[in-house]
Amino acid sequence: MTPERFTGSFTQQEPIPEEGIEAAVAVLRHGRLHRYNTAPGEVAEAALLEEEFAELTGAKYALAVASGGYALGCALRAVGLKPGEPVLTNAFTLAPVPGAIAAAGGRPVFVEVTDNLVLDFVHLEQQAKASGARILMLSHMRGHLCDMEALVALCDRLGVTIIEDCAHTMGAAWKGVPSGRHGLVACYSTQTYKHANSGEGGFLISDDAQVMARAIVLSGSYMLYSRHRAAPGPEVFESIRLETPNVSGRMDNLRAAILRPQLRTLPDRVARWNALYREMEAGLANTHGLRLTHRPEEETYVASSFQFLLPGWSPTRIGAFLARTGARGVELKWFGAPDPVAFTSRYDHWAYAPSTPLPQTDRILAELIDMRLPLTFSVEDAAQIARIIRAEVLAVGQADEADLQAEALNVKLPD
Ligand SMILES: *Cc1c(COP(=O)(O)O)cnc(C)c1O
């Protein structure tokens, strides 16, 4: 019998909702794509989107911007990052995070992560004290939330301001508090592979009037900030409007039009992602050689991706596993590769951000397998993918290392 093969696409997204397409066409027809280009009495799609995003998250203020990476850099500038200043961040994250820190003139200081893929608080405290950093850019990488209450208490004690990178946690919560509502500022991405899709785009939220006023001027509002609705009053801008540089990164009305209906249907997407996740989790439970990450009860996750560990596996064994699952149509990413591959890279690859080795993170990333869960998958697809992974973990886990080495010479790893 030939082994079953998955034939779906790991990168195919759902279409934009009809309502979004119609709204986008209306913007194209009237031609006022720039957010400050409005007809008399008209409220821009971008301003309405911000109002709706503030309501969704419960934040006082929201700003829509050109990308998630832009939001991160804007947040750093808005909280007053100084040239060369250290910024704490997770050692397990994606390239836009250290990139945003470096681009804003900061210096990333990497913090170890735990087996459950969240920030290690003991190391955070050590790194904060050693570097004197007063900012933490917290990456909720792959949607794993750390104990947010404990983190806030620790950062208060250390005098560290939290900026949250919620690129993977739009719609998630810790003890019912939406992700992004614990830090001073939170940043989101609406890039195609995140939880709402406008191709490119992002948000910043905050309850702090000064920080938000600076973010709005930074984003390129010129002196048109009073056109914003989810924004502090004009009096807050008086003291900052001339001293804050314009670093253009606005959201436009076309993308805003596409996004507005998607905000309304976020809860439905969250439920569908989590159904896929639970199917994967059930299918991989008690697989010898494979460890699932623990999801705490306090965490409401949005599982747009799935991670598991292959503890103690050699690179050869992992390479054989990736080749075999790839041959059966299951596209997995590995964070242990010596060179960056596609979207996947590691803290020690980012040569512009010098780091010292982090043994705990190194061990975890060498064992960590990562997978997308697009909403175009059905629950049956997730069940089939889990069956294929389980079968190959069991087969490769028991195979002889020398046989796997021989096998490696005959196959090419998927990229
Ligand atoms: C995607 C992503 C970003 C940046 O978002 P863009 O909109 O692509 O700039 C930041 N952080 C993480 C963890 C991401 O995955």
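Which residue in E14 is the bridge partner of Leu-309? The legends below, written for a predicted model, begin with that strand and then move to other close-up views.

**View 1. Strand E14 and its pairing partners.**
In strand E14, the bridge partner of Leu-309 is Leu-368. This pair belongs with the contact between strand E12, residues 305-309, and E14, where five bridges join two strands that run antiparallel. Strand E13, made up of residues 333-334, also pairs with E14 in the antiparallel sense, here over two bridges. Within that second pairing, Trp-334 has Ile-369 of E14 as its bridge partner. Strands of a sheet pair in this way through backbone hydrogen bonds, and the pairing may be either parallel or antiparallel. E14 is mostly covered, since four of its five residues are buried.

**View 2. The largest pocket and its lining.**
The largest pocket holds about 650 Å³ of space, and 38 residues line this pocket. Helix H3 (68-78), helix H4 (96-103), strand E8 (185-189) and strand E14 (368-372) are the elements that each give two or more residues to the lining. E14 can therefore be found in two views, as a mostly covered strand with four of its five residues buried and as a contributor to the pocket lining. Nearest the centre of the pocket lie Leu-94, Arg-142, His-168, Tyr-193 and Lys-194. Sorted by class, the lining of the largest pocket consists of 17 nonpolar, 14 polar and seven charged residues. Both domain 1 (18-264) and domain 2 (266-409) take part, each supplying at least three residues to the lining of this pocket.

**View 3. Arg-142, one of the residues nearest the pocket centre.**
Arg-142, which is among the residues nearest the centre of the largest pocket, lies in the loop between strand E4 (135-139) and helix H6 (148-158). The phi angle of Arg-142 is near 55°, which is a positive value in a residue other than glycine. Because its relative accessibility is 15%, and buried means under 20%, Arg-142 counts as buried.

**View 4. Ala-342, a second residue with positive phi.**
Ala-342 is found in the loop between E13 and helix H12 (359-367), and its phi is near 50°, again a positive value in a residue other than glycine. Is Ala-342 buried or exposed? With a relative accessible area of 68%, Ala-342 is exposed, whereas Arg-142 in the previous view counts as buried.

**View 5. The cavity lined by residues of E13 and others.**
One cavity of 30 Å³ or more is counted in the model, and the largest cavity has a volume of about 40 Å³. Rolling a probe the size of a water molecule over the atoms shows where empty space is left. The residues that line the largest cavity include Trp-334, Phe-335, Asp-339, Arg-346 and His-349. By class, five nonpolar, three polar and two charged residues make up this lining. Trp-334 has also appeared in the first view, as the bridge partner of Ile-369 in E14.

**View 6. An open sheet of three strands.**
Three strands form an open sheet in the order E7-E6-E11, with antiparallel pairing. Strand E7 (177-178) and strand E11 (299-300) are the edge strands, and each of them pairs on one side only. Strand E6, residues 173-174, is joined to E11 by two bridges, and these strands run antiparallel. Within this pairing, Ala-173 has Thr-300 of E11 as its bridge partner.

**View 7. Cysteines without a disulfide.**
How many disulfides are counted in the model? The count comes to zero disulfides. Cys-146 is in no disulfide, and the nearest cysteine sulfur, which belongs to Cys-155, is 8.5 Å away. Since its relative accessibility is 4%, Cys-146 counts as buried. Cys-187 is likewise in no disulfide, and here the nearest cysteine sulfur is that of Cys-166, 7.5 Å away. Cys-187 is buried too, with a relative accessible area of 1%.

**View 8. Ala-327 and Phe-6.**
Ala-327 has its place in helix H11, residues 315-327, and at 52% relative accessibility Ala-327 counts as exposed. Although Ala-327 and Phe-6 are 321 residues apart along the chain, their C-alpha atoms are separated by 9.3 Å.

Key:
Residues are numbered from 1 along each chain as its sequence is written. This is a predicted model: local features need pLDDT of at least 70, side-chain atom pairs count only at pLDDT 80 or more; totals for chains, interfaces and linings use all residues. Side-chain values use heavy atoms; hydrogens and water are left out. On a 1 Å grid over the protein atoms alone, a cavity is a set of points where a 1.4 Å probe fits but cannot get out, and a pocket is an open set with protein on both sides within 12 Å along at least five of seven lines; lining residues have an atom within 4 Å of a point. Grid points are joined across faces, edges and corners, and a volume is the space filled by probe spheres set on the points. Ala, Val, Leu, Ile, Met, Phe, Trp, Tyr, Cys and Pro count as nonpolar, Asp, Glu, Lys and Arg as charged, and the others, Gly among them, as polar. Domain bounds come from an automatic or database domain assignment. Buried means under 20% relative accessible area, exposed over 50%, partly exposed in between (1.4 Å probe, protein chains only). Two strands pair if DSSP finds at least two bridges between them. A disulfide is a pair of cysteine sulfur atoms within 2.5 Å.
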